[in-house]
Amino acid sequence: MKTLVFVEFEAGKVKKSALEAICFGRQIAAGPVAVVAAAPAGTDFAPLGAYGVDQVLHIADPGFDMPEAQPLATALAQAASQLGADAILLPKTSLTDATAPRLAAKLGAAVASNVMAIVDATPGNFTVKRSVFTGKAFAQTRLAGGKVVLTIKKNSIDVAEGNASAVSVETFAPSIPASDHAVKRISVEKATGQVLLPDAEIVVSGGRGMKGPENWGLIQDLADALGAATGCSKPVSDMDWRPHHEHVGQTGIKVSPNLYIAVGISGAIQHVAGINSSKVIVAINKDPEAPIFKVADYGIVGDAFEVLPKLTAAVKNLN
Ligand SMILES: Cc1cc2nc3c(=O)[nH]c(=O)nc-3n(C[C@H](O)[C@H](O)[C@H](O)COP(=O)(O)OP(=O)(O)OC[C@H]3O[C@@H](n4cnc5c(N)ncnc54)[C@H](O)[C@@H]3O)c2cc1C
């Protein structure tokens, strides 16, 4: 299948979630893939060749730095038509959640979200494995018809280099009707200078067991030693111990890092709903009966105020 992947850049570097989608695309295409990249002029696309990308349609229009779903869907539909792509892949984000169905409607394609693996790439029998019910179950979904639009769940595909390709780059200027700009973002305040929670490979998260915001240095020290993002349980952000963008769970951010360390978090079902697709969960809790130990791969029964400094020191010794 001719495969097209939507790729975003951050600070001049391709996002990991985009590389995951590219690697997934290689499996469907059984060969090189094309990408549509929204990136500033002068961006170096050559490194994408190592991951099996042979063609880049480059949208340099600054209006696409942080696009809205409607114009992005229009742009991707035009790119797919130009290249004759029949599989269009997007890393799963809140933006692409809104973009994928619009794109599918424009292309007359079948759409599936939260895709983790390909089961059968044969056109007509195209079947994918998806994460459903906030990661509590998997579904196999068959997509009828010729074209498919997929959003790829973060951290579900291993990023690996493939057969290297020479990358041809073409400027792509989609024609966006004024009606696509009915919704316009006025301003964005982004957390900077830290590892962002949804993209993090390691998360250190604190709960009410940390007793108060004055103790968060212990969480931050471990996170810094591991190169991790920091998260928290809902009550912690409700009490303003931590900012709301760190709240993990059913009603907060859903994370799927390689390692999630829950410190002084009881493991309520609403918290677990946001972490259960983490690859490895480590719990630190002084109560051996805490429910978090039921979902943890490794558990430390102990007082966080004693365990955290020792763990941080041990990690620093490894570096
Ligand atoms: C509709 C709804 C939606 C919700 N959504 C979310 C959500 O998205 N995310 C979320 O997190 N919660 C959510 N909640 C709240 C959830 O039900 C729990 O109340 C919450 O997760 C508990 O937070 P906690 O584990 O930090 O605190 P607690 O339940 O108070 O647990 C604190 C833990 O710390 C341990 N502890 C205490 N002292 C120490 C110490 N010194 N060292 C080590 N361990 C210690 C205790 O043994 C305990 O297990 C939601 C609730 C509702 C009703």
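## The loop after β9

Asn-155 sits in the loop that links β9 to β10 (168–171). The model described here is a predicted one. Asn-155 counts as buried because 21 other C-beta atoms lie within 10 Å, and the cut-off for that class is 20 or more.

The backbone of Asn-155 has a phi near 65°, which is a positive value in a residue other than glycine. Most residues other than glycine have a negative phi.

## Strand β9

What places does β9 hold, buried or exposed? Strand β9 covers residues 148–152, and 5 of its 5 residues are buried, so the strand is largely enclosed by the rest of the structure. The side chains can be sorted by direction. Val-148, Leu-150 and Ile-152 point one way from β9, while Val-149 and Thr-151 point the other way. Residues on both sides are buried.

## Partners of β9

Strands of a sheet pair through backbone hydrogen bonds, either parallel or antiparallel. Strand β5 (residues 87–91) runs parallel to β9 and is joined to it by 5 bridges. In this pair, Ile-88 of β5 stands opposite Val-149 of β9.

Strand β6 (110–120) also pairs with β9 in the parallel sense, over 4 bridges. Two positions show how β6 and β9 line up. Ala-112 stands opposite Leu-150 in β9, and Val-115 stands opposite Ile-152 in β9.

## The β6–β7 hairpin and the loop before β6

Strand β6 has another partner, β7 (residues 127–132); these two run antiparallel and are joined by 4 bridges. Asp-120 stands opposite Thr-127 in β7. The hairpin of β6 and β7 has 6 residues between the strands. In this hairpin, Gly-124 takes a positive phi near 95°.

On the other side of β6 in the chain, Gly-108 lies in the loop between α3 (94–107) and β6. Gly-108 counts as exposed because it has 9 C-beta neighbours inside 10 Å, where the limit for this class is 12 or fewer. Leu-76 is 32 residues away from Gly-108 along the chain, and the C-alpha atoms of the two residues are separated by 13 Å.

## Two domains

The protein chain is divided into domain 1 (3–181) and domain 2 (197–318). The centres of the two domains, taken over C-alpha atoms, are 32 Å apart. Contacts between the domains involve 9 residues of domain 1 and 10 residues of domain 2. The side of domain 1 that touches domain 2 has 5 polar and 4 charged residues, and no nonpolar ones.

## The parallel sheet β12-β11-β13-β14-β15

In which order do the 5 strands of the open sheet lie? The order is β12-β11-β13-β14-β15, and the pairing is parallel. Strands β12 (229–232) and β15 (298–301) are the edge strands, each of which pairs on one side only. On average, neighbouring strands of this sheet are turned by 15° against each other, direction ignored.

At one end of this order, β14 (residues 280–285) and β15 pair in the parallel sense over 4 bridges. Val-282 has Tyr-298 of β15 as its bridge partner. Helix α4 (residues 216–226) packs on the sheet and touches β11 (202–206), β12 and β13 (259–263). The direction of α4 makes about 175° with that of β11.

## The shell around the ligand

How many residues surround the ligand? There are 26, and the closest are Gly-207, Gly-209, Ser-233, Lys-234 and Gly-249. By class, the shell has 8 nonpolar, 13 polar and 5 charged residues.

Several elements contribute to the shell. At least two residues each come from α5 (234–238), α6 (269–272), β14 and α8 (304–318). Helix α5 gives the most, with 3 residues.

## The loop after α5

Asp-240 is found in the loop between α5 and β13. The phi of Asp-240 is near 65°, again a positive value in a residue other than glycine. Is Asp-240 buried or exposed? Asp-240 counts as exposed because it has 9 C-beta neighbours inside 10 Å.

Methods: Residues numbered from 1 in each chain as written. Predicted model: local features only at pLDDT ≥ 70, side-chain atom pairs only at ≥ 80, totals over all residues. Pairing = 2+ DSSP bridges. Axes fitted to C-alpha atoms, helices over the stretch in contact; angles between N-to-C directions. Contact = placed C-beta atoms within 7 Å. Near = placed C-beta within 6 Å. Nonpolar A, V, L, I, M, F, W, Y, C, P; charged D, E, K, R; others polar. Domains from an automatic or database assignment.
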